[in-house]
Amino acid sequence: MAGKVFFSVSMSLDGFIAPESPEELMGQQWMELQQWIFPLRFFRENLKLGEGGEEGRDNDIARETFERTGASVMGKRMFDAGEKMWPEEAPFRTPVFVVTHEKRDPWERPGGTTFHFVNDGIEAALDLAREAAGDRDVRIAGGGATILQYVNAGLIDEFSIALSPVLFGSGIRLFEGVDAARVALEPVRAEPSPRVTHLTYTVRER
């Protein structure tokens, strides 16, 4: 049986998931938004940052999200930013399908990540990702515009937000432009941790 299509992001209390400019990634606000994940044992293992790190529910959620993912989809903006910042062993370790107008051969990285460049739109990318994922789930990795396209197309089954006690004031809002008339949510889980609150929802057509 095919798995679910989901996304999982960190979000500020005022609804932003990234700064407006790619140059501000890794800046102070973004680091504060993501600070819950940096100390985790799984994060350190996956990026080969050395032994040690925190365990607990945050760590379990990070690991579970990784382990359920059989393939990922992302937009060109996220890929362009990540291409500059990811280590040689990119952290996905699965096939990744990049929605783009750029024609490019697959880019294979050490550690199991291969980026495939899809020129036929979000549904074609998702079909390829489903096939690659098998019975595991497909993660829509981002960025915000790509996630929104999948939400508005009715292609998301579930999503999780790590709600961080940070205010951005401006940037990329997760649900800016959502087609609220056709999207309904059902709460699945709310789990507070010392750093963030993990919120999970299923998505259905209104």
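Which strands and helix do the buried residues of H3 pack against? They pack against S1, helix H2 (41–46), S3, S7, strand S10 (183–192) and strand S11 (197–205). The model is predicted. This briefing covers helices H3 and H5, then two buried residues, Trp36 and Thr69.

**Helix H3**

- Helix H3 takes in residues 57–68, 12 residues in total.
- At 1.5 Å a residue, H3 should span 16 Å, and its end C-alpha atoms are 16 Å apart, so expectation and model agree.
- Asp58, Asn59, Ile61, Ala62 and Thr65 are the buried residues of H3.
- Viewed down the helix axis, these buried residues fall within an arc of 165°, so they line one face of H3.

**Helix H5**

- Helix H5 covers residues 122–133, also given as 12 residues.
- Its expected span at 1.5 Å a residue is 16 Å, which agrees with the 16 Å between its end C-alpha atoms.
- Ile122, Ala125, Leu126, Ala129 and Ala133 are buried in H5.
- Those residues cover an arc of only 100° around the axis, so they sit on the same side of H5.
- Glu123, Asp127 and Glu131 are exposed on the other side of H5.
- The packing partners of the buried H5 residues include strand S1 (5–12), strand S3 (69–75) and strand S4 (95–99).
- Strand S6 (114–118), strand S7 (137–142) and helix H6 (144–152) are also among the partners of the buried H5 residues.
- Gly134 comes just after H5 and takes a positive phi of about 65°.

**Trp36**

- Trp36 sits in the loop between helix H1 (28–33) and H2.
- The relative accessible area of Trp36 is 6%; buried means under 20%, so Trp36 counts as buried.
- Beyond residues up to four places away in sequence, Trp36 touches Ser10, Asp58, Ala162, Arg195, Val196 and His198.
- One of these contacts, Asp58, is also a buried residue of H3.
- The side chains of Trp36 and Ser10 are joined by a polar contact of 2.9 Å.
- Trp36 and Asp137 are 101 residues apart in sequence, and their C-alpha atoms are 24 Å apart in space.

**Thr69**

- Thr69 is part of strand S3, one of the strands that the buried residues of H3 pack against.
- S3 is also listed among the packing partners of the buried H5 residues.
- Thr69 is buried, with a relative accessible area of 6%.
- Neighbours within four places in sequence aside, Thr69 is in contact with Phe6, Thr94, Arg136, Asp137 and Arg139.

Technical notes
Residues are numbered from 1 along each chain as its sequence is written. This is a predicted model: local features need pLDDT of at least 70, side-chain atom pairs count only at pLDDT 80 or more; totals for chains, interfaces and linings use all residues. Side-chain values use heavy atoms; hydrogens and water are left out. Helices (H or I, at least four residues) and strands (E, at least two) are DSSP runs, numbered from the N terminus. The expected span of a helix is 1.5 Å times one less than its number of residues. Buried means under 20% relative accessible area, exposed over 50%, partly exposed in between (1.4 Å probe, protein chains only). The arc is that of the directions from the helix axis to the C-beta atoms. Contact means heavy atoms within 4.5 Å. A polar contact is a pair of N or O atoms within 3.5 Å; within protein, one must be able to donate a hydrogen and the other to accept it, and residues adjacent in sequence count only if both atoms are side-chain atoms.
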